[in-house]
Protein chains: 2
Amino acid sequence: MATNRLIFLPLGGAGEIGMNCYVYGYGPEDKERLIVVDLGITFPDMDSTPGVDVIMPDLAWLTARRDRIEAIFITHAHEDHIGALAHLWPQLKSKIYARRFTATIGRMKLEEAGHPVEAITVVEPRPAVVTAGPFKVQFVPVAHSIPESAALIIDTPAGRIVHSGDFKLDATPIVGEPWSPEAFAAIAAERPVKALMCDSTNVFSANPGRSEASIREPIRDLIKGARGMVVATTFASNVARLKTLAEAARAADRSVCLLGRAMQRMVKAAQDSGVLTDFPPLIPPEQAVDVPRGNLMLIVTGSQGERRAATAQLSRGKYLGLEMKEGDTFLFSSKTIPGNERGVISIMNAFSEMGVDVVDDPSGKYHVSGHANRPDMQTLHRILKPEMLLPMHGEHRHLREHCRLAEAGGIASEVATNGMMIDLTGDEPEVAEYIETGRIYLDGSVLIGARDGVVRDRIRMALNGHALITVLLDESNAALGDAWVELMGLPQTGKRGGSLAEAIEEELGEFLAGAPAKVMRDDEKLDEAIRRIARQVAMEEIGKKPEVTVVVSRLMES
Amino acid sequence: MATNRLIFLPLGGAGEIGMNCYVYGYGPEDKERLIVVDLGITFPDMDSTPGVDVIMPDLAWLTARRDRIEAIFITHAHEDHIGALAHLWPQLKSKIYARRFTATIGRMKLEEAGHPVEAITVVEPRPAVVTAGPFKVQFVPVAHSIPESAALIIDTPAGRIVHSGDFKLDATPIVGEPWSPEAFAAIAAERPVKALMCDSTNVFSANPGRSEASIREPIRDLIKGARGMVVATTFASNVARLKTLAEAARAADRSVCLLGRAMQRMVKAAQDSGVLTDFPPLIPPEQAVDVPRGNLMLIVTGSQGERRAATAQLSRGKYLGLEMKEGDTFLFSSKTIPGNERGVISIMNAFSEMGVDVVDDPSGKYHVSGHANRPDMQTLHRILKPEMLLPMHGEHRHLREHCRLAEAGGIASEVATNGMMIDLTGDEPEVAEYIETGRIYLDGSVLIGARDGVVRDRIRMALNGHALITVLLDESNAALGDAWVELMGLPQTGKRGGSLAEAIEEELGEFLAGAPAKVMRDDEKLDEAIRRIARQVAMEEIGKKPEVTVVVSRLMES
């Protein structure tokens, strides 16, 4: 009989913040039964992924082993954990388990994509157990910046694993269950924890995290003191924050209006799934228009500066009949995710031009993080006393620092980035194998591989411009008329004041008139020669070498 | 006789941080004699200016009035103040004045561009005076993050102006003259200050700025405690910081090697101009390779993650024979400018993968800003007691906040962004006129206008891809063969698994076979129809509409 082993394999989220996807396996080598935890996305940016809609983990390894997958578990409904569900589920077709609120969001996604919503089963929190092959899985409520986030207890014949999910230690989370050290102590008391897979996001934050409730008072004071209209933005899924903001508005005699589809969906999902029961009444934008500014508060999407979200729309002028004016207040109850600074700053300046007071306290007076800080992580380590710790949900620097923290506390640890299969069977984590992983892009309506070259070509066109050259040859391979040059994303005029396109055409004319027959006959050689000439003339005229596409049309003898 | 007036006109730097360029004028309306203060650049980014080399203010207004320009003054040698000098000087051809170090850098730039270095005249600090038409200008040494930064005293028949330049109040600046409240009090005592044009960068920083000397001890301790090789990066032009770093290295028995052309140039310029006299001896990279790691420190360029600078090179592997290893220390003695986060973070992660300890204290233990903070600005306001204050060197939100600060202190103020001509003649700043301003790009070797559409087309190709369609028509306007489609930056395969190019070609084939003669005859109509079909097929196949270039070749009767 083959020996069974317990493995852990991150396919996304380890070595990056985003597109979380982790695999656990138990069984004989290469025959392990598998479960998948989370199917998240990452967002594209202009520098590396222009034109791409969303970025997802490449599941090639998993899909090749589809018959071994027992189930998919989703820890919570943030896009970096659930965002790829509808896009990638067709590759896996496995049963999905989630808590009620997460399931509500997941079903919306499946439904929109035309997949069966019954794929998702709602699970009650521990002590309820889902049996999935050799795995017994329980959902443990944890506080985070979205309702019903969960850690997972994954029991296997080789031991108990705790997968932290995204969590913070919050005794007063406004919405959802408070942090309970006793509940976690009970988990470790019930059965020793072999391995803790742990959120690493805030490992560099030296002070204990602050509670969601700690910003209630400052927000209330701020809104009470405001004169004109107040507009606040936060992450749409932060339902506790929406509640804090809406209640502060009510306390200041302001009607509340939500702007942005994502926010309306989240509030509806939270109400439908029962996690949000006493949200203040809302008015629609059509009605908000008639409310005196001093009695109105808008809560809006777009805290990261997204161009089409409500915040950006308001920074450009009237949106759904509503408009910001001198003396209004705009509150960023959020932090700017690295990479989004430029967009957010440009919105702040647009508001400044309107005379709006932008409140964006960098000390976090009006925002707290949803992740455990360094001392909080240590608290969890101490309570669970795992034999080993695998850091997840972090860039390499976060994972490495989290490992050091664990090891300083006497816990065996290892930096396992995407594609590193870790054998957890022994006393220490051991690298079992390196799996080929990567990213796939949703681009429009199709999935493309990160290495297909499509995006690389877009970046090249953006940096270098694109020259298109059409040449027509007759039956004897002689040029018929002049070469024709079209430029896109390139200056029309060269250094010497003449047309760049004409300069290239002229040079090509000379070349075509004198090129040897063996070049004129050979598509590849001709293409290469034309490209070289075009790039060289462009270099002389405008100091840069464009991307070049050559189309040679040959007239055939009829 | 016409009344004389005193005007102020920012052409760059007011409403943005970057490309500083300010104009002062005195004389009858529309006949004012002019001086220009600073000619700076701004750096491009992939989001808004892909492929562009540098961004500069559009000087169309100035060049149309070239005969009225008396002189150009450069306050200091940072790129956002001097970077456009060589590119734009040919448009102005005016005399340039600067202090010695700034002049050294400026002459290097002029020389490289083939312009006469004698255009720059070196000016000694106050009490030396440059007379430029109705203006008498003195350079007042101020502390900043580069040697020999200067404020300008601009005396005019209508009153005294102080143009702060970039400054901080630093009593112990390591290199250069310490802040002296007495010297500034003397300026106001000598002649009342009509207007203060003042640096606004750090108006949101609530605490007094810290001295360059305050980080000397922490840096020394850090380097003394390091085991392996130490590498530190900072802004190349921060000569005081280079000195602090190099001295800390020497104190820890480490030889110092500078990597990066910009840094070597700066140190040479500082030594040549006499501002840096006791810099520790340096060793070249060839020699550094043989020094034991524990006795070596590199000071390198690229603190902002620039792809081709030494920091990024080291993060990718061996550079000039030098390589980072486990146990080495990398110090960011710098702050990340908003927008550069992603690049810097990716470098940090690359170092983390090598086992290098990255030190990047967000509290500023190893870095101080070169700009005055809010209370420091107030100190300067109080000492100079200007009649009015015009904030500069800031985004709109900085300028607005600085205005409020001034007004709270009883000083008349106005937000004057690029293109707003301000009349300073009366008791309060008054908007005289709105000038058309903008940005021009250095793109390769040519200057292009920001509104030329070139960069817009690049962005569109990056987001949407580019489809090229070639159609060949015979003498009777009938299609000769099939339409030919080339794709760049687009998925090859559509939703239904077939070739996207072929799907478009097929649809075009049908269209061309049946199109009415009046369309086939008309280039514009044909182009439009082909473009529409291509975009529609692409939308169906891949869910996005590409940019399309159509080339119709018509065979002429011979």
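In this predicted model, the second largest pocket has a lining of 31 residues, and those lying nearest its centre are A:Val551, A:Val552, A:Ser553 and A:Arg554 together with B:Trp484. Two or more lining residues are given by each of four elements, namely α17 (523-542) and β26 (547-554) of chain A, and β26 (466-473) and β27 (484-488) of chain B. Of these contributions, the largest share belongs to β26(A), which supplies 8 residues. Sorted by class, the lining of this pocket comprises 16 nonpolar, 11 charged and 4 polar residues, and the space within the pocket comes to about 760 Å³.

Turning from the pocket to a sheet in chain A, the reader can follow 8 strands that form an open sheet with mixed pairing, in the order β7-β6-β5-β3-β2-β1-β20-β21. The edges are formed by β7 (120-122) and β21 (430-434) of chain A, each of which pairs on one side only. On average, and with direction ignored, neighbouring strands of the sheet are turned by 25° against each other.

At the β21(A) edge, strand β20 (residues 420-423) of chain A pairs with β21(A) in the antiparallel sense over 4 bridges, and A:Met420 stands opposite A:Tyr434 of β21(A). Helix α3 (residues 85-92) of chain A packs on the sheet, where the helix touches β5 (69-73), β6 (96-98) and β7 of chain A, and its direction makes about 170° with that of β5(A). Helix α4 (residues 100-112) of chain A, in turn, lies across β6 and β7 of chain A and runs at about 160° to β7(A).

How values were computed:
Residues are numbered from 1 along each chain as its sequence is written. Chains are lettered from A and ligands numbered from 1 in the order in which they are written. This is a predicted model: local features need pLDDT of at least 70, side-chain atom pairs count only at pLDDT 80 or more; totals for chains, interfaces and linings use all residues. Side-chain values use heavy atoms; hydrogens and water are left out. On a 1 Å grid over the protein atoms alone, a cavity is a set of points where a 1.4 Å probe fits but cannot get out, and a pocket is an open set with protein on both sides within 12 Å along at least five of seven lines; lining residues have an atom within 4 Å of a point. Grid points are joined across faces, edges and corners, and a volume is the space filled by probe spheres set on the points. Ala, Val, Leu, Ile, Met, Phe, Trp, Tyr, Cys and Pro count as nonpolar, Asp, Glu, Lys and Arg as charged, and the others, Gly among them, as polar. Two strands pair if DSSP finds at least two bridges between them. Axes are lines fitted to C-alpha atoms, for helices over the stretch in contact, and angles run from 0 to 180 degrees between N-to-C directions. Contact means heavy atoms within 4.5 Å.
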